[in-house]
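Trainee: Hey, got a minute to walk me through this one? I'm new to it and would like the basics before the details.
Mentor: Sure, let's put it up.

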Amino acid sequence: MYTFSSKLKTFSIILMAVGILGIGYGFLNAPKDIHEVENILSASSHGGHGEAHHEEAKAALHDAHATTTHEAKSEVKENAEHEEHLNHILHQLQNKPWSALYVACIFFMLLTMGTLVFYAIQQVAVAGWSPVLFRVMQGITAYLPYGSAIFFVILVMCGLHFNHIFTWLGEGVTDPNSPNYDEIIAGKSGYLNFGFWIVRAAIFLIGWNLYRHYSRKNCLAQDESDDNTNYKKNFKLSAGFLVFFIVSESIMSWDWIMSVDPHWFSTLFGWYVFASFFVSGITMIAMVTLYLKSKGYLDYVNTSHIHDLAKFMFGISVFWTYLWFSQFMLIWYADIPEEITYFVTRINDYNLPFFGAVVMNFVFPLLILINTDFKRITWVIVMAGIVILLGHYIDFFNMIMPGTVGDQWFIGVPEISSVLFFLGLFIFTVFTALTKAPLLAKRNPYIEESKHFHY
């Protein structure tokens, strides 16, 4: 049985405490009105994103004013446009702590889902190499109920207008008589409305958590069973879950990520999001496994098991890059205004994280993990794993932040604190779960094959 070390437990609690303090600071530090926004923009002394945007808007307003008469009517119009611009920036800056929390929350939750899907695939594929890793996978997925609960609360708060993450939830956007009316969003209102949206979210989260609960329950029951009944139950349950997941994953990627930019869409998006969190989940399996091995656990896990995990890390990284390039290349080449805007925004305002994610998620894993011998070396896998996990966090950052904070982005206290909080919660729940059952699924029909697996 695994024992959760007091040092690691204390470390996880410290991470959560620091994260909560930083998240609170981010919300308290967000501007409350346009006067604070003006002060923030004026205080930007080094030509940052906010100041450049502010000065550009002021120059445009000044030019417009210069070409008209100096009548009061023109001045009122200029002031109204300037106030509208400040209100837009106000919403972006108020979105910043919410968006940071949202990105970290969805990243860790979907990372866990990537592990759960990998586990289900192993069950359906009747894989003989992986049963010695099942308890590690089940430990990682123990985070899912907690992550799902927090994420659902955030979604509800979005619907209650605590933030402006989803513009299609704004007041009046579907009302033709409202100044906020948006014809495109109104055309999608049959699908993008809060009631239907939150019900879909509840169905998906409940469905995923039910599979996690019963698959683990059956696996533990198999240890005490005299036959393979529970194993067969898990096979059927996993097959059904994967069908449900294929449908729910595509829809959730539209609902929770793509609808942040409601004017844009991509038919490849569901696969792209899946590849990102799938490789993250597999990477986390390798990282947790190597940690447990370093502490003297998982005696039957050998370098061949690690090698196979590293192969999946390498292979899915290449698959993610294929999807990234396919989506980018087709949209860029077609140059359709309503599609290309998505990438223009990210290249102009998020140049470093946008292309940096490609380096971290493709170039680095390709150079490091293409070598067969490197796939068996612990420090190489750990180094590659850290880069991959950070790279895919940045990938989620790129998918969400441009639509919520525009060019008012930077990696600051809210972003770092949100990651620290969810990382601490993840470590605490995962390693607590690992103490609840033996680390070897001893009655799995393929456990002996897995013990003696060599590549």
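Mentor: We'll go from the overall fold to a few charged pairs, keeping in mind that this is a predicted model.

Trainee: Okay, how many helices and strands are in the chain?
Mentor: The chain has 16 helices and zero strands.

Trainee: And what is its radius of gyration?
Mentor: The chain comes out at 24 Å. A compact globule of 455 residues would be near 23 Å, so the two agree. If you box in the C-alpha atoms along the principal axes, you get roughly 90 × 45 × 45 Å.

Trainee: What share of the residues is buried?
Mentor: Buried residues are 53% of the 455 in the chain. As for the accessible surface, that's about 20500 Å², and carbon and sulfur atoms hold 65% of it.

Trainee: What about contacts along the sequence?
Mentor: Take the contacts with a separation of 6 or more: 81% of them are between residues 24 or more positions apart.

Trainee: Switching to charges. How many positive and negative ones are there?
Mentor: There are 26 positive and 36 negative charges, and their mean positions sit 21 Å apart. Side chains of opposite charge can pair when their charged atoms come close. This structure has six salt bridges.

Trainee: Which residue does Lys96 pair with?
Mentor: Its partner is Glu415, with 2.8 Å between the closest N and O atoms. That pair joins distant parts of the chain, since Lys96 is in helix 4 (residues 72–124) and Glu415 is in helix 15 (residues 413–434), 319 residues apart.

Trainee: Are those two buried or exposed?
Mentor: Lys96 counts as buried because its relative accessibility is 6%. Glu415 is buried too, at 2%.

Trainee: Got another one? What does Arg346 meet?
Mentor: Arg346 meets Asp261 in a salt bridge, 3.3 Å from N to O. Arg346 belongs to helix 12 (residues 337–349), while Asp261 is in the loop between helix 9 (229–256) and helix 10 (269–294), so the bridge ties together parts 85 residues apart in sequence. Arg346 is buried at 2% relative accessible area, and Asp261 is buried at 16%.

Trainee: And where do Lys311 and Asp308 lie?
Mentor: Both are in helix 11 (residues 303–334), three residues apart, which is about one turn of the helix. Their side chains form a salt bridge at 3.5 Å, N to O.

Trainee: How covered are they?
Mentor: Lys311 is partly exposed, with a relative accessible area of 31%, whereas Asp308 is buried at 8%.

Conventions:
Residues numbered from 1 in each chain as written. Predicted model: local features only at pLDDT ≥ 70, side-chain atom pairs only at ≥ 80, totals over all residues. Heavy atoms only, no water. Helix = DSSP H or I, 4+ residues; strand = E, 2+ residues; numbered from the N terminus. Rg over C-alpha atoms; globule rule 2.2 N^0.38 Å. Buried < 20%, exposed > 50% of the residue type's maximum accessible area, 1.4 Å probe, protein only. Contact = heavy atoms within 4.5 Å. Areas by Shrake-Rupley, 256 points an atom, 1.4 Å probe, with all protein chains shown as cover. Lys, Arg positive; Asp, Glu negative; His and termini not counted. Charge placed at Lys NZ, Arg CZ, Asp CG, Glu CD. Salt bridge = Lys/Arg side-chain N within 4 Å of Asp/Glu carboxyl O.
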